[in-house]
Amino acid sequence: MKEKGWKDIPIGGLILEPGNAKNYKTGSWRTFKPVRDEEKCTHCLLCWIYCPDSSIIVEDGKIKNIDYEHCKGCGICSVQCPVDAIKMVEEVKEE
Amino acid sequence: MARVVGLTGDEVAAEAIRQINPDVIAAYPITPQTEIVQRLSQFVADGLISAEMVRVESEHSAMSACVGASASGARAMTATSANGLALMWEIVYIAASLRLPIVMPVVNRALSGPINIHCDHSDSMGARDSGWIQLYSENCQEIYDNLIQAVVIAENKEVLLPVMVTLDGFVLSHAMERVEILEDEEVKNFVGEYKNPHSLLDLNNPVTYGPLDLYDYYFEHKRQQVEAMEKALRVIQGVGKQFAKISGRSYGLIEEYRLEDAELVVIALGSTAGTIKEAVDELREEGVKAGLLKIRCFRPFPGREINEALKKVEAVAILDRSASFGAEGGPVFLEVRSSLFEKTERIPIINYIYGLGGRDIKVEEIKGVYQTLQRIARTKRVEKRVDYLGVRE
């Protein structure tokens with residue numbers, strides 16, 4: 001995303017577009033990445049409830065995937081999971 | 001039709017605020033500003049203004065309440081002095097950064113310590129980089145006029161910055177003077193209605209105030225503030241002319257007093273300008289070409305206007321009612337000297353620190369300053385760049 005100049009942004013740091021935090025990709029903050037084991041997961045949705053960044057994507061009451069563009073790797077989902085289905089795996093630089 | 005009344009500086013400030021009739025007043029009393037808040041409380045209790053009076057527990061809360069009120073679309077005002085201004089410091093910067101047109105009388109008082117309640121400019125001068133516009137008042141009439149104009153300046157769409165209107169503690173705040181008061185209706189029409197285009201209470205157009213602003217955009221927002229200050233220079237002059245239409249009193253960024261042919265010029269701001277006028281008149285009687293340049297608007301700084309006004313001058317003295325510890329002189333001196341550096345011909349320029357903690361400044365002392373300027377004009381030599389007026393050795 002190209003950053004705008006001072007003449008093209010609202011004054012005072014105001015944000016005029018509600019919910020635009022989604023445009024700010026925080027995935028790069030992560031050092032550990034949550035990896036979900038589909039076999040173990042019971043879709044209890046506790047991880048979805050606890051995730052502070054709304055990064056557990058649910059469709060029709062089932063967990064579909066994890067939004068890695070916004071997940072900061074806090075690990076709360078992994079701690080809350082009652083069946084140990086989410087492991088935190090260290091991020092490695094992809095070649 | 002204007003009414004002519006006798007009012008103290010604090011009383012006339014309260015009278016101006018009554019006529020402006022802001023939506024929210026959040027203030028905490030502090031000497032010598034107390035009478036402003038006391039009067040406003042009385043006005044609210046008597047039903048003379050419809051403002052919501054928020055009796056806060058500190059100045060930090062006063063400015064915080066004003067920020068919230070202003071962001072939600074209300075016209076918000078407060079008033080303070082010295083340590084009160086120091087206590088609201090954090091939010092003073094935030095008000096300017098969020099571009100909220102809050103108007104605040106600052107009754108100039110020396111900052112502690114040791115504790116002192118009398119006049120100097122250490123409080124408002126400390127806030128000169130906070131992003132607030134600063135208008136200094138010479139007398140009670142100017143306090144009234146500046147406050148009414150401040151609302152229109154602050155809320156101008158090109159500006160949207162908060163404004164401090166300063167008045168010298170006790171010297172003006174507690175001194176009764178003859179003041180012309182406009183009709184309520186005239187003031188009401190002049191200030192108009194405040195419409196915040198981005199109100200927090202506008203549910204159809206939601207807005208976020210004060211989000212995290214890091215290295216990617218903070219700099220751009222500061223650049224905008226600089227631009228708004230620059231634009232304010234023209235707006236302040238325009239509002240000063242408009243104000244003349246209802247009051248007969250016109251205002252610019254500076255006031256030139258017997259300056260056209262002046263060879264020796266003193267530059268000052270606040271009530272001391274009145275004392276200097278007295279000295280200038282006496283010296284003119286004696287044939288000395290003395291003049292005064294009064295700075296009304298210190299932020300934004302009218303460097304160009306000051307340069308233009310000092311055309312035929314032979315020597316200049318700048319009076320500072322605050323010390324800038326460790327600097328090369330007082331804040332007014334530093335600013336003026338920097339502007340005058342643009343001139344190809346160097347004017348000899350000296351600085352006097354005076355009146356700290358309410359120390360009186362007398363006509364005789366100012367005449368002494370002009371005598372020093374005469375010597376400098378004659379010898380072309382500055383012996384002491386920064387000196388002190390009225391301090392005991």
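This is a guided tour of a predicted model, arranged as a series of selections to make in the viewer.

**The two domains of chain B**

Begin with chain B and colour residues 3–247 and 254–389 separately, since the domain assignment gives these ranges as domain 1 and domain 2. Taken over C-alpha atoms, the centres of the two domains of chain B are separated by 28 Å. Where they meet, 27 residues of domain 1 of chain B are in contact with 20 residues of domain 2 of chain B. To see the domain 1 side of this contact, select α6, β6 (133–136), β7 (163–168) and α9 (218–247) of chain B, the elements that give two or more residues to it. Of these, α9(B) gives the most, with five residues. By class, the residues on this side of domain 1 of chain B divide into 14 nonpolar, eight polar and five charged.

**The six-stranded sheet**

Next, select the strands β9, β11, β10, β13, β14 and β15 of chain B, which form, in that order, an open sheet with mixed pairing. The edges are held by β9 (254–257) and β15 (386–389) of chain B; each has a single partner strand, so one side of each is left without a neighbour in the sheet. Neighbouring strands here are turned by 25° against each other on average, with direction ignored.

Stay at the β9 edge and add β11 (residues 290–295) of chain B, which pairs with β9(B) in the antiparallel sense over four bridges. Within this pair, B:I254 stands opposite B:I295 in β11(B). Now show helix α10 (residues 272–285) of chain B, which packs on the sheet and touches β9, β10 (264–268), β11 and β13 (315–320) of chain B. The direction of α10(B) makes about 165° with that of β11(B).

**Helix α12 and its cover**

Move to helix α12 (residues 331–340) of chain B and display side chains for B:P331, B:V332, B:F333, B:E335 and B:V336, which are the buried residues of this helix. What covers them includes the sheet strands β10, β11, β13 and β14 (349–354) of chain B, together with the helices α6 (122–126) and α11 (303–309) of chain B.

From here, centre the view on B:I267. Which residues is B:I267 in contact with, leaving aside its neighbours within four places in sequence? They are B:L293, B:I295, B:V316, B:I318, B:L319, B:V332 and B:V336, and among these B:V332 and B:V336 are buried residues of α12(B).

**The nonpolar cores**

B:I267 also leads to the largest nonpolar core, which has 126 residues and in which B:C66, B:I153, B:V163 and B:I267 touch the most other members. Select helix α7 (residues 140–155) of chain B as well, because with ten residues α7(B) gives the most to this core. At least three residues of the core are drawn from each of domain 1 and domain 2 of chain B. Apart from this core lies another, of eight residues, and to find it select A:C47, A:I63, A:A85 and A:I86, which are among its members.

**Where the chains meet**

With chain A now in view, show the contact between the chains, in which 18 residues of chain B are in contact with eleven residues of chain A. On the chain B side α9(B) gives the most, with four residues; this helix also gives the most to the side of domain 1 of chain B that touches domain 2 of chain B. The side of chain B that touches chain A has seven nonpolar, six polar and five charged residues.

**Backbone details in the loops**

Most residues other than glycine have a negative phi, and most peptide bonds are trans. The last stops depart from that pattern.

Zoom in on the loop between β5 (103–108) and α6 of chain B, where B:G113 is found and where B:P114 also lies. The peptide bond from B:S112 to B:G113 is cis, with omega near 5°, and a cis peptide bond likewise joins B:G113 and B:P114, with omega about 0°.

Then go to A:D84, in the loop between α2 (76–80) and β4 (86–90) of chain A, which has a positive phi of about 60° although it is not a glycine. Is A:D84 buried or exposed? With 9 C-beta neighbours inside 10 Å, A:D84 counts as exposed.

Finish at B:K380, placed in the loop between α13 (363–379) and β15 of chain B. B:K380 has a positive phi of about 60° without being a glycine, and B:K380 counts as exposed, having 9 C-beta neighbours inside 10 Å.

Methods. Residues are numbered from 1 along each chain as its sequence is written. Chains are lettered from A and ligands numbered from 1 in the order in which they are written. This is a predicted model: local features need pLDDT of at least 70, side-chain atom pairs count only at pLDDT 80 or more; totals for chains, interfaces and linings use all residues. Two strands pair if DSSP finds at least two bridges between them. Axes are lines fitted to C-alpha atoms, for helices over the stretch in contact, and angles run from 0 to 180 degrees between N-to-C directions. Two residues are in contact if their C-beta atoms, placed from the backbone, lie within 7 Å. A residue is buried if 20 or more other C-beta atoms lie within 10 Å of its own, exposed if 12 or fewer, and partly exposed in between; C-beta atoms are placed from the backbone. Domain bounds come from an automatic or database domain assignment. Ala, Val, Leu, Ile, Met, Phe, Trp, Tyr, Cys and Pro count as nonpolar, Asp, Glu, Lys and Arg as charged, and the others, Gly among them, as polar. A nonpolar core is a set of buried Ala, Val, Leu, Ile, Met, Phe, Trp, Tyr and Cys residues joined through C-beta atoms within 7 Å.
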